[in-house]
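Visitor: Could you take me through this model and explain on what grounds its contacts with DNA are named?

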2 protein chains.
Amino acid sequence: MEVAEKRNEYIHIKNHIAQEVKSNLPLEDTLYNLADLFKLFGDTTRIKILYLLFDRELCVCDIATLLGITQSAISHQLKTLKANKLIKCRRVGKTVFYSLADDHVRTIIAQGAEHLEE
Amino acid sequence: MEVAEKRNEYIHIKNHIAQEVKSNLPLEDTLYNLADLFKLFGDTTRIKILYLLFDRELCVCDIATLLGITQSAISHQLKTLKANKLIKCRRVGKTVFYSLADDHVRTIIAQGAEHLEE
DNA sequence: TTATCATATGAACAATCATTCATACGATTG
DNA sequence: CAATCGTATGAATGATTGTTCATATGATAA
């Protein structure tokens, strides 16, 4: 599609640039997954849970108690976080302990926090 | 509140740990802002826009054409991104060029992409 | 001034999503 | 076995939010 040629060549981007810009875009699928990943950090409850797990593993009911949020709500969110591999868990008897899956979680949140400090 | 003492001391977290974990949590306000920031990255259209702006500034109609999305939709999203200081703009005649506000945007997205490559 | 181009914006609608409620499952204890 | 504890889950609801549509604003050109 002749993007630039439809309009003023001197203001809008030239056609060969348009091609380049477009070809630099990741695949639709990748972009979708990226947005989906960031959505996980876009909820206060989930951010709180992740922060709690920064230093140590915690069981469901402790997370719920510490945050003052329903066990059910926490459990739903833990499921979401686990399905997206941000956290992992291990079972000890009746208790299930959750912890961060990898360091990217810390890094991503840290970068976000840094952006806000300006 | 006596968190741990209500339950089995040997499985659930001890009270002084609970205090420590809680005190390590950022302020409610900060957590809210963090979630709000990540929400911005949690939408495919906004991620696409940001990616387009990685290398160069672009005007509204070019972004819309390149992405195949309505000018109105793009304009709404640009407003959101700008209100949250992820992008900035400059006006040249009728045209408004948008560009990334700082490097955190690139870093945050890069970290997210890295997490997905596993 | 009038026409046109580029962008912005308000309202409405549709879709997404987090929480609640009730209940079920799994494991331990008595 | 029954009772209890910790966790998980499905359905429903309320709230949030991205897009569309119509229209307005701002700037340039004729």
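Guide: Helix H5(A), a helix being a DSSP run of H or I with at least four residues, numbered from the N terminus, gives the most to the surface near DNA strand D, with five residues. This is a predicted model, in which local features need pLDDT of at least 70 and side-chain atom pairs count only at pLDDT 80 or more, while totals for chains, interfaces and linings use all residues. Residues are numbered from 1 along each chain as written, chains are lettered from A and ligands numbered from 1 in the order written, and side-chain values use heavy atoms, with hydrogens and water left out.

Visitor: What makes a residue count as near DNA strand D, and how many residues surround the strand?

Guide: A residue is near a strand if one of its heavy atoms lies within 4 Å of it; 26 residues surround DNA strand D, with Ser72(A) and Tyr98(A) among the closest.

Visitor: Why is the pair formed by Tyr98(A) and DNA strand D called a polar contact?

Guide: A polar side-chain atom of Tyr98(A) lies 2.7 Å from a phosphate oxygen of the strand, and because a polar contact is a pair of N or O atoms within 3.5 Å, the pair qualifies. Arg46(B) likewise places a polar side-chain atom 2.8 Å from a phosphate oxygen of DNA strand D.

Visitor: Which part of DNA strand C does His76(A) approach?

Guide: A polar side-chain atom of His76(A) lies 3.2 Å from a base oxygen of DNA strand C, whereas the side chain of Tyr98(B) has an N or O atom 2.6 Å from a phosphate oxygen of that strand.

Terms used. A polar contact is a pair of N or O atoms within 3.5 Å; within protein, one must be able to donate a hydrogen and the other to accept it, and residues adjacent in sequence count only if both atoms are side-chain atoms. Helices (H or I, at least four residues) and strands (E, at least two) are DSSP runs, numbered from the N terminus.
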